[in-house]
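Open your viewer, show the model as a cartoon, and keep the selection box at hand. We will go from the whole view to single residues, one stop at a time.

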Amino acid sequence: MRLPSRTDYAIRASIELAANATEHPLTVAAIAKSQRIPVRYLGAIMTQLRKAGIVVARRGPDGGYELARTANKVMLADVIRAVDGALTEVGGARPENLRYQGSAAGLAQVWIAIRAAERQVLDQVSLTHVVSGKLPKSVKTLLLSPSAK
């Protein structure tokens, strides 16, 4: 799995908001500083997260960003989809819409299986899980698997 930097930044910014113990929204500058993310780049990412309903922006002198819903309701997959779209695409197409020929005919099934495996983790892990370090049992099981190394 490859994650573009913007996706990594979006996830880290969302986790920072989930970990925010204050009652005040966090500014882009505060998030960027805490997570070592370029401020200018993060501003555009936060706009994408706002449009997707992951975060809300508060205006004014005490303004900034906060999660639009509780951290346990925001899954990593939600954040990824907000900035990247579908979890698994090949050349901009969903795997089930691909038509391979000849010896590659079964390849679309492989991409669909990969998407299912990604969903198995990303749709189960919330921002709260990451902040607390208490991952779901199914994810912990995968971490202990020899194929995780």
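**First stop: Thr7**

Please select Thr7, which lies in helix α1. Keep in mind as you look around that this is a predicted model. Is Thr7 buried or exposed? Its relative accessibility is 0%, so Thr7 counts as buried. Now show what surrounds this residue: leaving out residues up to four places away in sequence, Thr7 touches Ile80, Val83 and Asp84.

**Zoom out: the whole protein**

Reset the view and colour by secondary structure. The protein has 7 helices and 2 strands. Starting at the N terminus, you can follow the elements in the order α-α-α-β-β-α-α-α-α. Turn the model to see its extent: along the principal axes, the C-alpha trace spans about 60 × 35 × 25 Å. There are 149 residues in the protein, and 32% of them count as buried. Take the contacts between residues at least 6 apart in sequence: 55% of these join residues at least 24 apart.

**Along helix α1: Ser14**

Go back to helix α1 and select Ser14, which lies in it. With 0% relative accessibility, Ser14 counts as buried. Which residues does Ser14 touch, not counting those up to four places away in sequence? They are Leu49, Ile54, Leu67, Val79 and Leu127. Next, draw a distance between the C-alpha atoms of Ser14 and Ala71: these two residues are 57 residues apart along the chain, and the atoms are separated by 8.7 Å.

**The nonpolar core**

Now for the interior. In soluble globular proteins, nonpolar side chains tend to be buried together. Here, the largest nonpolar core has 32 residues. Select Leu17, Leu42, Met46, Leu49 and Val55, the residues with the most contacts inside this core. Which elements each supply at least two residues of the core? Highlight α1, α2 (28-35), α3, β2 (64-67) and α4 to see them.

Stay with Leu17 for a moment and show its surroundings. Setting aside neighbours within four places in sequence, Leu17 is in contact with Leu26, Ile31, Met46, Val55, Tyr65, Glu66 and Leu67.

**The aromatic pair**

Next, show the aromatic side chains. A pair of aromatic rings is described by the distance of the centres and the angle of the planes. How many aromatic pairs does a search of the whole structure find? The search finds 1. To see this pair, select Tyr9 and Tyr41: their rings are edge-to-face, 5.6 Å centre to centre, with 90° between the planes. Tyr9 lies in helix α1 (residues 5-19) and Tyr41 in helix α3 (residues 39-51), so the pair ties together parts that are 32 residues apart in sequence. Tyr9 is buried, with a relative accessible area of 16%, whereas Tyr41 counts as partly exposed at 37%.

**A turn of the backbone: Arg36**

Move to the loop between α2 and α3, where you will find Arg36. Most residues other than glycine have a negative phi. Arg36 is not a glycine, yet its phi is positive, about 55°. At 75% relative accessibility, Arg36 counts as exposed.

**The largest pocket**

Switch on a surface and look for the largest pocket, which holds about 290 Å³ of space. It is lined by 14 residues, and the closest to the pocket centre are Arg2, Leu87, Thr88, Glu89 and Glu118. Colour the lining by class and you should get 7 nonpolar, 3 polar and 4 charged residues. Two helices to highlight are α4 (76-84) and α5 (107-122), each of which supplies at least two residues of the lining.

Pick Glu89 from this lining; this residue is found in the loop between α4 and α5. Glu89 counts as partly exposed, at 41% relative accessibility. Draw a distance from Glu89 to Trp111: the two are 22 residues apart along the chain, with their C-alpha atoms separated by 8.2 Å.

**Last stop: Glu96**

Finish with Glu96, which lies in the loop between α4 and α5. Glu96 is partly exposed, with a relative accessible area of 29%. Where does this residue make contact, leaving aside neighbours within four places in sequence? Select Ile112 and Arg115 to see the contacts of Glu96. One more distance to draw runs from Glu96 to Gln109, which are 13 residues apart in sequence and 7.7 Å apart in space, C-alpha to C-alpha.

How values were computed: Residues are numbered from 1 along each chain as its sequence is written. This is a predicted model: local features need pLDDT of at least 70, side-chain atom pairs count only at pLDDT 80 or more; totals for chains, interfaces and linings use all residues. Side-chain values use heavy atoms; hydrogens and water are left out. On a 1 Å grid over the protein atoms alone, a cavity is a set of points where a 1.4 Å probe fits but cannot get out, and a pocket is an open set with protein on both sides within 12 Å along at least five of seven lines; lining residues have an atom within 4 Å of a point. Grid points are joined across faces, edges and corners, and a volume is the space filled by probe spheres set on the points. Helices (H or I, at least four residues) and strands (E, at least two) are DSSP runs, numbered from the N terminus. Ala, Val, Leu, Ile, Met, Phe, Trp, Tyr, Cys and Pro count as nonpolar, Asp, Glu, Lys and Arg as charged, and the others, Gly among them, as polar. Rings of Phe, Tyr and Trp (its six-membered ring) pair if their centres lie within 6.5 Å; planes under 30 degrees apart count as stacked, over 60 as edge-to-face and the rest as tilted. Buried means under 20% relative accessible area, exposed over 50%, partly exposed in between (1.4 Å probe, protein chains only). A nonpolar core is a set of buried Ala, Val, Leu, Ile, Met, Phe, Trp, Tyr and Cys residues joined through side-chain atoms within 4.5 Å. Contact means heavy atoms within 4.5 Å.
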